[in-house]
Amino acid sequence: MLVQDRVTTNPNPKSPKSQIRASINSHHHDLHHRFSESKSLDFSTWVSENFCKIVTITVLVATVAAILFLLSTGDTAALSYIQSKAQPLDKTHHPPRINWNNIPSIADKSSPYTNFRSEKWIVVSVSHYPSDSLKKLVRIKGWQLLAIGNSRTPNDWSLKGAIYLSLEQQATLGFRVSGYLPFDSYLRKSVGYLFAIQHGAKKIFDADDRGEVIDGDLGKHFDVELIGEGARQETILQYSHENENRSVVNPYVHFGQRTVWPRGLPLENVGEIGHEEFYTEVFGGKQFIQQGISNGLPDVDSVFYHTRKTGLEAFDIRFDERAPKVALPQGVMMPVNSFNTIYHSSAFWGLMLPVSVSTMASDVLRGYWGQRLLWEIGGYVVVYPPTVHRYDTVGGYPFSEEKDLHVNVGRLIKFLVAWRSSKHELFEKILELSFAMAEEGFWSEQDVKFTAAWLQDLLAVGYQQPRLMSFELDRPRPNIGHGDRKEFVPRKLPSVHLGVEETGTVNYEIGNLIRWRKNFGNVVLIMFCNGPVERTALEWRLLYGRIFKTVIILSSQKNEDLAVEAGHLDRMYKHLPKIFDRYSSAEGFLFLQDDTILNYWNLLQADKTKLWITDKVSKSWTTVSTNGNTGWYAKQAEIVRKVVGSMPVHFQVNYKEAMKSDQSLVIGSSEIFYIPQQLVTDFVDLVGLVGDLNIHQKVAIPMFFMSMDSPQNFDSVLSTMVYKPKPPPANSTLYSAQAPAVHPWNVSSEQDFIKLTRIMAEGDPLLMELF
């Protein structure tokens, strides 16, 4: 999944220290220049004439002193947070190198709880005064509630029996991670996890202030003890690993709700509502991450919330409390959240909440990342029947806050299942995977550095790395005999929303989205932005990333923060082979300029094994005679003749049959075209024949297409697109939801994008949920 949060940066950023240093040097040079000649002035006159300079230097010296004071007094967290927000992180060329044996310990010397110890902790983030649910959580026997404040928490927040850490108290604890955490977010729970581990935690229940533990007893629902007298010595039902192509499951089906899906499940898997043909079993004791199911308002995404609910009545969805808990084998994943999950000490490293993605995506990305690493120590995730009841009191989040989930979560799962590491320590593997995920664009380099800080803090508070275990995925999987097959048929519980019983079919709009995603889920969209990418790149990814395998953004200026690559539109064809090579398993590649709108719902009938282009669209392709012409057209035609003359026979035959005359030149607008995987090699070969010759994109693309295949074999899906050489006075008079594409259309700001999505919602109603 690609990183989506908007970042606004200085094109030539400097750290606060370097800016101060440069400013001081500038003033020193200025003073030397101005005072090199002696003057006969008394002291009062000198002060009067140079008063402004004296004040400026005094302010600068005071600023430097303040920074040095922060560094010397240990409040590096506050300073590094300022620095991390003031400038983008440098490009990381390799994972950070850390000497794990030389991490100084961090002791709690500042809080009132220095000598307090507890093995079982509940960690919550609080932004408001204690809720009724929180008042019940604090009374759960044997568990210590830890509330983590943020910038929105009331200053006088308190709850008897709870430990509360305000922002100011968090800053004094000395954790490295503090410098990466936003001030106003639940992501500050990372400080709470470290505090709990520092104070003796062996189990941590990751919770929120909206859930009430059913019957007020966590031990009744979860496996709180994995070893010793209190441990349940039993086998656990496990999803079958027989289907090697399955990498993700919807656990809600197992617990009776076939048409409800958890936040973070790839939308292309929403329609998989059949139950398991059979299960297997696994011995208990290594279920280091335990995910509970929530009655009432389960963990659902914004697509489910906004398409299944009308009016103001709250959700009250119930799951089967009699269904057995179920484990996930290596190679199979599921979404894991941050408000109803128990982590045992062997998985404490997996509590880290990434900071560079949207907040509603952070815990889900953490869950997938943690599950993959859990396999390295022989652990697994188990899902439990309803453990809490959550109340639908806040309302659903907008689609845009979950954008990092919906864009590429399916690709993330495939990446994680395929990822391998040869490192010999768990923390080295963790750091290596975090770096690899940044390279793939699932989160940013900020999270690579955050991971390094998190792991060092874990060691500093006394945590010990778990030992690695043998990795089962690379072994041949044994056949599952009839005696090993365990049957369980989930109940089909009604999903009662607003007093209306669910019919068991997936919502019509969701069904369409699934069909589009299945059709184009292995097609790469390559988009060139003529407009300002800092205002539109993320929006284009949000719009089209729901449909395509991935969205590559190119522009005349590179922007690493937004993952925008540099390219020149008039020679863009020379950049395409690099992208083809990067996505060699893709089904095809669709090129699109940002002044052309793609109505993807009208492309389902197109043949993805053929070329698509606008050769049959009026005014998109034009043929120019070069006979007697000595201008630009004649020069381009001469280069074309030179390239065609060097072509292998099959290319030459195709091209000359299509052109008929060598005294003419085809100019194609090339705003949109598609190349199937089976013709990628031909395209790359043709680009190689052009070499350093300066053929314009509008000339090269038609030449390539007519050389690769006969125009009569092109798919005609784009022939009915709306095409005008110049925009009409108002965009709205041009758009048609029935056309496959519309050109031209100007999008240069977020407001333009909002207007566009509202118009496109005629073809894709779910677009109304983007903003």
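The exercises below walk through parts of this predicted model, each with a worked solution.

In this predicted model, local features need pLDDT of at least 70 and side-chain atom pairs count only at pLDDT 80 or more, while totals for chains, interfaces and linings use all residues. Residues are numbered from 1 along each chain as its sequence is written, and side-chain values use heavy atoms, with hydrogens and water left out.

**Exercise 1. Determine where Ile510 sits, whether it is buried or exposed, and which residues it touches.**

Step one is to place the residue: Ile510 belongs to helix H15, which covers residues 508–520; helices (H or I, at least four residues) and strands (E, at least two) are DSSP runs, numbered from the N terminus.

Step two is accessibility, where buried means under 20% relative accessible area, exposed over 50%, and partly exposed in between, with a 1.4 Å probe and protein chains only. Because its relative accessible area is 1%, Ile510 is buried.

Step three is to list contacts, meaning heavy atoms within 4.5 Å: leaving aside residues up to four places away in sequence, Ile510 touches Trp261, Val270, Val303, Thr307 and Leu766. Glu268, at 242 residues from Ile510 in sequence, has its C-alpha 9.5 Å from that of Ile510.

**Exercise 2. Find how many residues the largest nonpolar core has, and which residues have the most contacts inside it.**

Begin with the term: a nonpolar core is a set of buried Ala, Val, Leu, Ile, Met, Phe, Trp, Tyr and Cys residues joined through side-chain atoms within 4.5 Å. The largest such core has 161 residues, and Ile204, Trp349, Phe427, Trp540 and Tyr544 have the most contacts inside it. A second core, separate from that one, has 48 residues and includes Val524, Ile526, Phe591 and Leu665.

Next, follow Trp540, whose contacts beyond four places in sequence include Met527, Ile553, Val747, Phe753 and Leu756. Two of these names, Phe753 and Leu756, recur among the buried residues of helix H22 (residues 750–760). The buried residues of H22 pack against helix H16 (533–544) and strand E18 (597–598).

**Exercise 3. Work out the order of the strands in the open sheet, and which strands stand at its edges.**

First, two strands pair if DSSP finds at least two bridges between them. Five strands, in the order E16-E15-E14-E17-E21, form the open sheet, and their pairing is mixed. Strand E16 (564–566) and strand E21 (672–676) are at the edges with a single partner strand each, so one side of each has no neighbour in the sheet.

Then consider the angles, for which axes are lines fitted to C-alpha atoms, for helices over the stretch in contact, and angles run from 0 to 180 degrees between N-to-C directions. On average, and with direction ignored, neighbouring strands of this sheet are turned by 25 degrees against each other. Helix H21 (residues 697–708) packs on the sheet, where it touches strand E17 (588–593) and E21, and its direction makes about 40 degrees with that of E21.

Finally, look at one edge in detail: E15 (residues 550–555) and E16 run parallel and are joined by three bridges, with Ser555 standing opposite Ala566 in E16.

**Exercise 4. Classify the ring pair of Trp516 and Tyr600, and state what it ties together.**

The rule is that rings of Phe, Tyr and Trp (its six-membered ring) pair if their centres lie within 6.5 Å, and that planes under 30 degrees apart count as stacked, over 60 as edge-to-face and the rest as tilted. The whole structure holds 36 aromatic pairs. For Trp516 and Tyr600, the ring centres are 5.4 Å apart and the planes stand at 70 degrees, so this pair is edge-to-face. Because Trp516 lies in helix H15 and Tyr600 in the loop between E18 and E19, the pair ties together parts that are 84 residues apart in sequence.

Trp516 counts as buried at 2% relative accessibility, and Tyr600 counts as buried at 0%. By contrast in class, the pair of Phe580 and Phe589 is tilted, with 4.5 Å centre to centre and 50 degrees between the planes. To close the solution, Trp516, Trp540, Tyr544, Tyr600, Trp601 and Phe753 form one aromatic cluster.

**Exercise 5. Decide how strand E20 is enclosed and how it pairs with E19.**

Five of the five residues of strand E20 (residues 664–668) are buried, so the strand is largely enclosed by the rest of the structure. Ser664, Val666 and Gly668 point one way from E20, Leu665 and Ile667 the other way. E19 and E20 pair in the antiparallel sense over five bridges, and Trp621 stands opposite Gly668 in E20.
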